[in-house]
Amino acid sequence: MIGDFKGKHILHGNQFSNEDLDKIMNVADEFEQGLEKGQTYDLMKGKILAALFFEPSTRTRLSFESAMLSLGGGVISVASAATSSAAKGESIGDTALTVSQYAHVMVMRHPEIGSAAEAASVATVPVINAGDGAGQHPTQALLDAYTIKKEIGALDGITVSLVGDLKYGRTVHALVELLSLYDIGLRLVSPASLKMPADIVERLKQKGMEIVETENLVEAAAESDLMYVTRIQKERFSDIKDYEKIKGVYVIDEALLEKAKKGVVIMHPLPRVDEISESVDSYEGAAYFRQVRNGVYVRMALLALVLGIK
Ligand code: NCD
């Protein structure tokens with residue numbers, strides 16, 4: 001439970017309560033309506049966001065920057081570890097202390113699990129975790145939850161399949177935490193070697209979630225209102241041969257859609273490699289580019305909330 005967001009760090013999917021999610025979604029919706037109407041904002045005038053990306057990113061970094069600029073704030077960025085003092089061996093703590101002198105809020109992506117929490121332990125401004133290795137990606141989970149609400153109308157009473165790399169995928173690690181706040185039936189569809197970590201599954205079951213772990217995509221598709229598809233996280237494999245064996249294992253294409261539940265919504269955090277055929281893009285339930293747009297509204301809401309402007 002976050003309650004009052006002002007000054008808080010956003011590090012993990014398990015931080016949020018239903019009320020917190022309602023708050024974020026309401027503010028995001030307000031910004032969505034405003035931007036759709038052509039409204040401009042100067043709520044963040046004089047405020048600076050630092051975007052520190054020590055791992056590749058397109059959507060997360062640009063949507064945070066777009067969100068801050070849309071609110072009238074400014075942005076400073078590090079777009080790769082190679083161009084920052086991380087390449088000289090600077091610690092995460094020293095980086096966080098330094099950036100606290102330049103910005104009112106920082107967003108950080110880093111290859112190590114726990115890196116954002118480490119930054120938050122010394123930073124004097126809010127730290128937002130934009131992906132810590134194979135750990136968490138809470139802001140993606142928030143925009144995913146917002147997208148589900150928009151696409152399906154509700155989160156309660158639905159069946160959701162998470163498909164692909166559930167072992168290394170940080171988006172699904174964060175998303176299941178949010179889904180566990182609702183009455184959702186979960187299908188975890190992955191190859192045996194890429195299952196959701198057992199401690200996470202156990203904890204979710206203890207919270208009363210109905211969970212089925214399976215390798216069978218077709219069966220899961222037939223009973224799901226939503227398929228959340230993920231990329232096999234090639235960069236996390238210590239032996240590339242293991243990746244080669246498994247890549248392409250699940251593909252959403254027109255043939256799969258025919259066997260799926262009618263009206264199924266397809267989401268993906270992107271980037272996709274080969275998990276969703278481009279021929280699916282014209283299907284009306286293909287929500288992944290609408291999902292991208294929602295990232296701006298949700299990140300506007302989060303920035304406004306942690307800076308105490310909403
Ligand atoms: C994801 C990530 O970086 O974890 N991308 C994103 O933020 N939208 C998913 C991925 O890289 O597969």
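Modeller: The domain bounds used for this predicted model come from an automatic or database domain assignment.

Colleague: Why is the ligand said to lie between domain 1 and domain 2?

Modeller: Domain 1 (13–137 + 294–306) and domain 2 (138–291) both give residues to the shell around the ligand, so the ligand lies between them. The shell consists of Thr 60, Arg 109, His 137, Gln 140, Arg 170, Thr 171, Arg 231, Gln 233, Pro 269, Leu 270 and Pro 271. By class, three of these residues are nonpolar, five polar and three charged.

Colleague: What makes the approach of Arg 109 to the ligand a polar contact?

Modeller: A polar side-chain atom of Arg 109 is 3.1 Å from a ligand oxygen atom, and a pair of N or O atoms within 3.5 Å qualifies. The side chain of Arg 170 also qualifies, because its N or O atom is 2.7 Å from an oxygen atom of the ligand. For Pro 269, a backbone N or O atom lies 2.9 Å from a ligand nitrogen atom, so this pair meets the 3.5 Å limit as well. The protein buries 94% of the 320 Å² that the ligand exposes when taken alone.

Colleague: Which pocket does the ligand occupy?

Modeller: The ligand takes up the space of the largest pocket.

Colleague: What makes a cavity distinct from a pocket, and how many cavities of 30 Å³ or more does the structure hold?

Modeller: A 1.4 Å probe fits in a cavity but cannot get out, whereas a pocket is open. The search finds one cavity of 30 Å³ or more. The volume of the largest cavity is about 80 Å³. It is lined by 13 residues, of which Ile 232, Gly 248, Tyr 250, Asp 274 and Glu 275 are the closest to its centre. The lining of the largest cavity comprises six nonpolar, three polar and four charged residues.

Note on methods: Residues are numbered from 1 along each chain as its sequence is written. This is a predicted model: local features need pLDDT of at least 70, side-chain atom pairs count only at pLDDT 80 or more; totals for chains, interfaces and linings use all residues. Side-chain values use heavy atoms; hydrogens and water are left out. A residue is near a molecule or strand if one of its heavy atoms lies within 4 Å of it. A polar contact is a pair of N or O atoms within 3.5 Å; within protein, one must be able to donate a hydrogen and the other to accept it, and residues adjacent in sequence count only if both atoms are side-chain atoms. Accessible areas come from the Shrake-Rupley method with a 1.4 Å probe; for residues, only the protein chains shown count as cover. On a 1 Å grid over the protein atoms alone, a cavity is a set of points where a 1.4 Å probe fits but cannot get out, and a pocket is an open set with protein on both sides within 12 Å along at least five of seven lines; lining residues have an atom within 4 Å of a point. A molecule sits in a cavity or pocket if more than half of its atoms lie within 2 Å of its grid points. Ala, Val, Leu, Ile, Met, Phe, Trp, Tyr, Cys and Pro count as nonpolar, Asp, Glu, Lys and Arg as charged, and the others, Gly among them, as polar. Grid points are joined across faces, edges and corners, and a volume is the space filled by probe spheres set on the points.
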